[in-house]
Amino acid sequence: MRIALLLVAAVASAFGADSGLARLEQQIVHLARTTDAAVGVSATHIETGRTVSMRGTEAFPMASAFKLPVAVQALTLVDEGRLSLDRMVTIMPQDFHPGSGDLSDLMFHPGLALSVENLMELMLGISDNSAADLVLREAGGPVAVTARMRELGFNAIRVDRPTVLLLAAWQGVKTVPPESQWNRDIWDRLFDAVPLAEHMSARRAQTNDPRDTATAEEMTQLLVRLWKRELLSAKSTAELIGMLDRVRTGKSRLKGLLPQGTEVGHKTGSLGGVANDMGIMTLPDGAGHVAITVFTKGSGRPEEVSEKAIAEIARTVYDYFTLTGVETEKPR
């Protein structure tokens, strides 16, 4: 398979990019069939603008990938002087939410405060849900994030709920207590009380819920414009790209089959049947950079199956644009 792709890329380089991109898309379609999930893909070679897409305009649940638009909104407020990365945020018992990361697993006692910058590191680096919901609050909430996306021209990226309410809906919790009563014990009891059949029904419903979704094409263009410094100031752009470079999750996704040492700044998203990854891959030998998004939804198989498909698609895209890229300098 790899040899065949390399030959395709070589032919594309010699005889024209359009036919090569068509063959690349066919290869992606083939790889997508290795999982039972629906798969949406968009990849753009940043320096030349060449793009390949498969189901790129279809809405997919972002899961924790929504944390990138939240970060863009928060840093926009920083650039506007309306928020400071040094601002200390007091974390109350009701702010500890279930899900990824380990902030709520390590802190059991009152008296904790973290800066917005540290919360963003936790939100992106280990995908901590408690930190994400706190940053979302500092950024003005879901309405503000979605409005920012619309202002930037991204009409298909929508943030509707904090992670805690997204998780509650996914689990099938029908009645959510007032925020003043929230704590980890309450969430654990609410989640445990949902019968398996109701949870599976809720999970299927969330797969088709238009809330908290995005298209692969728009998410990829968000990454392209971030890299080109079209979204944020140079300082905030460097801050966010640095955080994406330090992400610890998803080692078996975009990074899974890339050559050791390949630079990939990315953000993952996972939620029962949903496995996502999106990021910017640095190609070798001055061939440029590729912004790529791979969304999946609706899988009934182990997460590793979708992760393997993501890794294969990422490597295929990496190989193609490595052979057909351009000499360029890294815009940092």
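1. A residue is called buried here when its relative accessible area is under 20%. By that cut-off helix H8, which spans residues 163-171 of this predicted model, is mostly covered, since seven of its nine residues are buried. The buried residues of H8 are Thr-163, Val-164, Leu-166, Leu-167, Ala-168, Trp-170 and Gln-171, and they pack against four other helices, namely H3 (67-79), H6, H9 (184-192) and H10 (196-207). Just after the helix comes Gly-172, with a positive phi near 100°.

2. A reader new to the structure may next turn to strand S9, residues 289-297, where nine of the nine residues are buried. His-289, Ala-291, Thr-293, Phe-295 and Lys-297 point one way from S9, while Val-290, Ile-292, Val-294 and Thr-296 point the other way, and both sets are buried. In general, the side chains of a regular strand alternate between the two faces of the sheet.

3. Which strands pair with S9, and in what sense? Strand S1, residues 38-45, pairs with S9 in the antiparallel sense over eight bridges, and within that pairing Ala-38 stands opposite Lys-297. Strand S8, residues 275-282, also runs antiparallel to S9 and is joined to it by six bridges, with Met-281 standing opposite Val-290. The hairpin of S8 and S9 has six residues between the strands, and among them Asp-285 takes a positive phi near 60°.

4. Strand S4, residues 88-91, gives another pattern of burial, in which Val-89 and Ile-91 point to one face and are buried, whereas Met-88 and Thr-90 point to the other face and are not. The pairing of S4 with strand S5, residues 112-115, is antiparallel and covers four bridges, and Met-88 stands opposite Ser-115 of S5.

5. The nonpolar interior deserves a careful look. The largest nonpolar core holds 56 residues, of which Met-120, Met-123, Met-219 and Leu-240 touch the most other members. Leaving aside neighbours within four places in sequence, Met-120 is in contact with Ala-71, Ala-74, Leu-75, Leu-85, Gly-125, Val-135 and Met-243. There is also a second, separate core of 27 residues, which includes Leu-31, Leu-258, Met-281 and Leu-283.

6. Leu-258, one of the residues of that second core, is placed in the loop between helix H12 (234-245) and strand S7 (264-270). Why is Leu-258 classed as buried? Leu-258 counts as buried because its relative accessible area is 10%, and the cut-off for burial is under 20%. Apart from neighbours within four places in sequence, Leu-258 is in contact with Val-264, Met-281, Ala-314, Arg-315 and Tyr-318. Leu-258 and Glu-312, which are 54 residues apart in sequence, have C-alpha atoms 9.0 Å apart in space.

7. A charged residue may also be buried, and Arg-148, found in helix H7 (residues 142-151), should be considered in that light. Arg-148 counts as buried because its relative accessibility is 9%. With neighbours within four places in sequence left aside, the contacts of Arg-148 are Gln-73, Thr-76, Leu-77, Glu-80 and Arg-82.

8. As for enclosed space, the structure holds two cavities of 30 Å³ or more, and the largest cavity has a volume of about 100 Å³. Fourteen residues line this largest cavity, and the closest to its centre are Pro-61, Gln-206, Thr-207, Leu-271 and Val-274. H8 and H10 are the elements that give two or more residues to this lining, and H10 gives the most, with three residues. By class, the lining of the largest cavity is made up of six nonpolar, three polar and five charged residues.

9. Among the open spaces, the second largest pocket contains about 180 Å³. The residues that line this pocket are Asp-95, His-97, Asp-133, Leu-134, Leu-136, Arg-137, Gly-141, Pro-142, Pro-162, Val-164, Glu-179 and Trp-182. Which helix gives the largest share of the lining of this pocket? The largest share comes from helix H6, residues 129-138, with four residues. The lining of the second largest pocket divides into six nonpolar, two polar and four charged residues. Val-164 appears both in this lining and in the list of buried residues of H8.

Technical notes. Residues are numbered from 1 along each chain as its sequence is written. This is a predicted model: local features need pLDDT of at least 70, side-chain atom pairs count only at pLDDT 80 or more; totals for chains, interfaces and linings use all residues. Side-chain values use heavy atoms; hydrogens and water are left out. On a 1 Å grid over the protein atoms alone, a cavity is a set of points where a 1.4 Å probe fits but cannot get out, and a pocket is an open set with protein on both sides within 12 Å along at least five of seven lines; lining residues have an atom within 4 Å of a point. Grid points are joined across faces, edges and corners, and a volume is the space filled by probe spheres set on the points. Buried means under 20% relative accessible area, exposed over 50%, partly exposed in between (1.4 Å probe, protein chains only). Two strands pair if DSSP finds at least two bridges between them. Contact means heavy atoms within 4.5 Å. A nonpolar core is a set of buried Ala, Val, Leu, Ile, Met, Phe, Trp, Tyr and Cys residues joined through side-chain atoms within 4.5 Å.
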